[in-house]
Every structure is written in C-alpha cells, then in structure tokens.
Amino acid sequence: MTDSIDQSIRKAAAAMAKMGPKGATLPFDPFAIASATMEAAAGMAARPADLFAIQRAAVGQWTDFWVRAVNPAADPAAKPKDRRFAAAAWQDDPYFRTMRDAYLLASDQLRGVAAGAEGSGGAMVRFLLDQYLNAASPTNHAMTNPEVIERTRETGGANLVRGFANLLEDLSSGRGIVSRRTDRNAFVKGETIAATPGEVVFRNDLFELIQYAPATAEVAGEPLLYVPPLVNRFYMIDLQPRSSLIKWLVDQGRTIFVISWVNPDESHRDKDVEAYVLEGIVTAIGEVAARTGARPDLFAFCLGGTLVAIALAYLAAAGRADEVNSATLIGSMIDFADMRDWSAFVHEGHLDALDKHLDGQGYIDSFELQRLFAAMRANDLIWSSVVNHYLLDRPAPPSDLLYWFEDGARIPAAFLKSYNRDILFENRLANGAGFSIGGKPIDLTDIATPLLVVALKDDHVSAWEAVYDGARLLGADFLLGGSGHNAGVINPPAANKHGYWTSDETPDRAEEWLAGATKHDGSWWPHWTAWLAAHGSGSRVKARKIEGGIEAAPGSYAKAN
C-alpha cells in the first residue's frame with residue numbers, strides 16, 4: 001500500500017507538470033454541439049402530444065419495473081445480453097439486479113426520446129447521449145460494481161490506489177484516452193505478428209509494396225493486390241498465423257501483394273485524395289503488372305475500398321480499365337447518404353474547426369483518430385479498460401486485433417479536407433457532383449470491372465445496409481458476412497464462425513435482400529476465392545519468386561512510429 005501511494009504521488013506530479021494551456025485548436029466545434037442539443041430540446045417541446053405519450057409509456061414501464069423489483073418471482077426479467085453485467089451478482093443479488101434493470105430501462109427510455117431528433121444535429125444528440133449513458137453505467141463506479149467491491153475487500157483497497165496511479169499515468173501521457181495495459185512484448189512486428197514471409201519490392205513517398213513468398217509450386221494466373229485504409233496499418237489481414245488472411249491466401253496458391261502506406265508527417269500535408277489514388281493505388285497496379293505480367297485482382301478494406309472505387313472510375317475514364325481484372329470491396333462505403341452515428345461529425349461547423357486544426361499541424365494524429373473510433377464503441381474500447389485498470393487494477397490479456405487497432409497512423413491534412421467535404425459531406429461519388437482525379441471526372445457508373453462487395457452484419461463503422469446501397473450503385477455482386485467491422489474480416493475457415501449470407505437478387509432495400517438470402521455456416525473466405533476463380537482466366541503458372549527485394553516484410557513503413 002505504501003509503495004502504491006508513493007507511486008501515485010510521483011505520477012500526480014508528472015501529470016500536473018504536463019497540464020496547462022497549450023494553445024491547441026479543437027478538431028470539432030463545441031458551438032455546433034450546443035446548438036444541436038438546444039434544437040433537439042426545442043423540437044421535443046414543440047411536440048407536446050409526443051412528449052405526453054412518452055411520459056405515459058414511462059409510467060407504465062416504471063410500474064412494471066417496481067412490481068418485478070418487489071416480487072421478482074412473479075415476473076422474472078430475462079438476463080440482458082450485455083457483457084458489462086456478466087458477473088453473477090448482477091443477476092443473483094437483488095440490490096445489484098435492481099440497479100442494473102433501472103439503469104437499462106432509463107437508458108432505453110432516453111434513447112427513445114433522442115431517436116426523434118433528425119439530421120446531423122440529431123446524430124450529435126444521440127452520440128452525446130450514448131457517451132453520457134455509457135459513462136453513467138453502474139459498472140463504471142467503485143461503489144456500484146460488485147466485482148470492484150469484492151476486489152477491494154481482497155486487496156484492502158490497494159487496487160483503487162494502484163488504479164488511481166494508472167489514471168494519473170494516462171493523464172500525464174497527454175493522449176486523452178485510457179491506455180490498455182497488457183504485455184507490450186506479446187507481439188513483435190515481423191516475428192509474432194505481421195510475420196508471413198515476404199519482402200518490400202517497391203517504395204515511394206506514399207507507400208511500400210510488399211510481395212509475399214509463394215507456398216505452392218503453382219499459383220493462380222492473376223495476382224492479388226490489397227489496398228488497406230489509411231487509419232491503421234495493413235497487417236489486420238496478417239495477424240497471428242492461425243488468423244492471417246495473407247497466409248491463408250498464399251497457402252491457397254495465390255500471389256499476394258500489399259500496399260503499406262507511409263505514416264505521414266508534416267511533409268505530407270499536401271497529399272490529397274488524388275495523390276493517394278494516382279501515386280498510390282494506380283502506381284501499385286502498374287508495379288504488380290510489371291512484376292507478374294498479369295492484371296491484378298484488387299481487394300480492399302474500409303476507406304481503402306472507397307479509394308479503389310475511385311481508382312477504377314479514373315482508369316475507366318482514362319481508357320485504362322483493362323489494367324485491373326476484378327475488385328473486391330470489404331466493409332467499404334461509396335454512397336454516404338446513410339452514415340448513421342458517424343453523421344454526427346459531418347457537420348459544417350465541425351468541418352471548419354477540423355480544417356483549422358489540420359492547418360496547424362499538417363495532419364490528424366493517430367491518437368485523435370483512435371479517440372474517435374473508441375468513442376463509437378465506448379463500452380468495449382474505453383469503459384472496459386477503465387474498470388479493469390482504474391478500479392480492478394488488472395491487466396488485459398494480449399490481443400492481436402487490439403494491438404493492431406492501437407498501432408494507428410496519421411492522415412495528411414489535404415487528404416482529410418477533400419475526403420470529408422467532397423466525399424462525405426457532399427457525397428459526390430454517389431451524386432456525380434463534379435469530383436475529379438487527374439483531370440478525369442469520376443463517375444462510378446462507368447466502372448465495368450467485375451466487382452464483389454462484402455458487408456459485415458454487425459459493422460459499427462460501415463453499416464451493412466449502406467454498403468449494400470453502394471453495391472447496387474456499382475452493379476456489384478454482394479455478400480454479407482457475420483460479425484463486425486474488423487472481426488468479421490478476420491474469419492479463418494478453421495474457426496468455423498460467424499457465417500455469411502448470399503443471394504443473386506438485388507432488391508431496392510437491404511432488408512428485403514436479407515429476407516431472401518441464404519445463410520451459410522463458417523467463413524466467407526472460400527466463397528470469395530471461388531468468386532475470384534470464376535472471374536479469372538483459370539490459368540496456373542509457376543510460383544513467382546520475389547525479385548529485387550529491398551527489405552523483409554512488413555517493411556519500414558509498417559514499423560515506423
């Protein structure tokens with residue numbers, strides 16, 4: 001206990017030393033937030049009949065709640081499917097069960113009120129409400145979490161003292177987010193993660209091109225080129241060997257190339273969407289073709305898929321569409337009319353504030369992006385760590401996926417300005433409103449390249465229904481995988497998890513598609529490679545050895561801070 005207190009004092013001094021005004025700009029507009037909340041309140045006040053109906057329903061719901069609380073045997077409530085309340089005491093102890101059920105009921109009622117707010121202002125209100133409700137959960141507080149109470153008894157309170165020291169350490173980092181405490185040596189890039197054998201074969205100012213060593217005597221005629229998003233490093237698809245998509249594809253007899261984006265700094269501030277398309281993707285396509293003598297199949301994830309769609313439209317407009325054999329877009333949006341909760345951030349006031357913030361430093365920092373993504377899944381990525389590290393003083397188990405998530409990258413100012421305003425705010429890709437690359441107008445309907453769009457059913461970043469709308473705009477084949485934005489991609493066949501849905505029909509509404517789709521067990525990876533084979537030449541060639549390697553994979557760009 002003495003050591004813990006001493007450690008807390010030293011960390012408090014370090015945190016205080018780093019606090020104070022820094023003159024930094026904000027990447028959002030607080031006045032837009034205030035305006036949105038006032039508009040939502042005024043909108044509710046202007047609908048007294050709706051407000052009365054909500055209040056009347058609440059009276060009935062709370063009456064039912066108290067009946068169950070006083071006599072739970074008469075009408076027992078089902079145990080909620082909420083991982084925060086997994087401990088047995090939340091169900092077995094009347095005190096904690098009542099507290100849990102009251103919190104969940106109040107949360108549902110408040111979310112129901114906020115659901116009526118419309119537009120980006122309504123999305124802002126719902127986002128703020130979610131942050132409040134997540135923070136107010138009884139699981140996040142020492143005196144209302146049965147696990148913390150028991151842990152405090154066991155340690156004599158030392159867990160809270162050490163947890164406070166952890167909090168001070170995070171404050172002193174200046175990152176503004178709880179640090180996930182785990183074994184930092186559990187994963188080493190190039191050894192235990194991102195370790196599939198390969199070499200960097202090309203490098204420019206924006207990316208390194210990695211070619212992976214073959215594992216079969218013969219390979220498919222068409223090579224595969226992966227385009228990752230800019231937000232994180234490429235190796236989400238090359239985690240540990242048992243879950244590596246790259247290793248699985250190599251073992252299936254595929255030649256794999258991967259773009260590894262540079263982690264940009266102030267010198268890259270003027271690299272915009274056009275630069276990433278022309279100096280990045282189009283250049284990589286040419287390099288792959290020169291090394292293999294074949295047209296590549298592209299596959300891309302999230303933002304990478306949006307950029308691939310732009311690149312394909314550019315090649316079509318330039319009369320170069322035959323340079324790509326096919327493309328697969330995974331969890332990628334090209335129609336941003338339905339951004340769900342993310343529309344809270346696509347607001348004129350926020351965009352103006354972000355532009356000023358970007359002008360000051362030349363890029364958006366990785367930890368700023370991590371804070372945003374963590375806030376969208378606050379219970380999993382923020383509050384679970386608060387409970388574990390500040391209240392229970394327990395380290396988190398090593399996770400290859402979370403190691404990758406925390407290994408973020410910056411995005412240049414020019415890219416983010418153009419992407420936010422032209423593609424997100426004005427939705428120019430879907431509307432055909434004058435977006436151009438290299439002097440060529442971008443019209444996605446000009447793309448004739450065979451396309452497969454893969455959505456993920458529980459995706460919190462790219463809602464699967466919005467991804468489906470984009471697939472219809474592109475005239476692409478469509479597949480729906482199970483699970484979420486990241487975990488749904490990393491779904492090796494050996495795990496036999498999640499499942500996926502297919503259908504040859506393309507009705508107007510995504511819900512109609514799902515109602516008529518066929519559910520399949522296991523991973524969507526084999527279905528995808530079958531689709532690639534059906535759209536390929538069917539040829540097999542001698543395994544392509546790596547020539548002119550610069551350094552071993554994952555390369556300098558993936559390892560750089």
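## A buried arginine

Let's start at Arg-254, which sits in the loop that links helix H9 (245-251) to strand E5 (256-261). This is a predicted model, and in it Arg-254 is buried but forms no salt bridge. The nearest side chain of opposite charge belongs to Asp-297, at 4.2 Å, while a salt bridge here requires a side-chain nitrogen of Lys or Arg within 4 Å of a carboxyl oxygen of Asp or Glu.

Setting aside neighbours within four places in sequence, the contacts of Arg-254 include Val-219, Ala-220, Glu-222, Leu-224 and Leu-249. Asp-297, Thr-529, Leu-532 and Ala-533 are also in contact with Arg-254.

## The sheet

Several of those contacts lead to an open sheet, so to speak, of the following make-up. There are 11 strands with mixed pairing, in the order E15-E14-E13-E12-E7-E6-E4-E5-E2-E1-E17. Strand E15 (518-520) and strand E17 (551-552) stand at the edges with a single partner strand each, so one side of each has no neighbour in the sheet.

Strands E6 (residues 297-301) and E7 (residues 326-330) run parallel and are paired over 5 bridges; Ala-300 has Leu-329 in E7 as its bridge partner. E4 and E5 are also parallel, joined by 3 bridges, with Tyr-226 partnered by Val-258 in E5.

The pairing is antiparallel between E2 and E5, over 5 bridges, and here Phe-207 stands opposite Trp-261 in E5. Strand E1 (residues 198-203) is likewise antiparallel to E2, again with 5 bridges. A hairpin through 3 residues joins E1 to E2, and Arg-203 faces Glu-208 in E2.

## Strands covered on both faces

In a regular strand the side chains alternate between the two faces of the sheet. For E4, both faces are covered: Leu-224 and Tyr-226 are buried on one side, and Leu-225 and Val-227 are buried on the other.

E2 gives a similarly covered picture, with 6 of its 6 residues buried. Phe-207, Leu-209 and Gln-211 lie on one side of E2, with Glu-208, Ile-210 and Tyr-212 on the other.

## Helices on and around the sheet

Helix H11 (residues 303-317) lies across strand E4 (224-227), E6, E7 and strand E12 (451-456), and runs at about 140° to E6. Helix H20 (residues 525-534) packs on the sheet too, touching E4, E6, E7, E12, strand E13 (477-481) and strand E14 (500-502). The direction of H20 makes about 160° with that of E7.

Helix H13 (residues 366-376) is largely enclosed by the rest of the structure, because 9 of its 11 residues are buried. Among them are Phe-367, Leu-369, Phe-373 and Met-376, along with the charged residue Glu-368.

## An exposed loop residue

Asp-322 offers a contrast in setting: it lies in the loop between H11 and E7 and counts as exposed, at 53% relative accessibility. The C-alpha atoms of Asp-322 and Thr-449 are 7.9 Å apart, although 127 residues separate the two along the chain.

## The chain as a whole

Stepping back, the protein chain has 21 helices and 17 strands. Its radius of gyration is 25 Å, close to the 24 Å that the globule rule gives for 561 residues, so the chain is as compact as a globular protein of that length. The C-alpha trace spans about 75 × 60 × 50 Å along its principal axes.

Of the 561 residues, 51% count as buried. Among contacts with a separation of 6 or more, 80% come from residues 24 or more positions apart.

Note on methods: Residues numbered from 1 in each chain as written. Predicted model: local features only at pLDDT ≥ 70, side-chain atom pairs only at ≥ 80, totals over all residues. Heavy atoms only, no water. Helix = DSSP H or I, 4+ residues; strand = E, 2+ residues; numbered from the N terminus. Buried < 20%, exposed > 50% of the residue type's maximum accessible area, 1.4 Å probe, protein only. Contact = heavy atoms within 4.5 Å. Pairing = 2+ DSSP bridges. Axes fitted to C-alpha atoms, helices over the stretch in contact; angles between N-to-C directions. Rg over C-alpha atoms; globule rule 2.2 N^0.38 Å.
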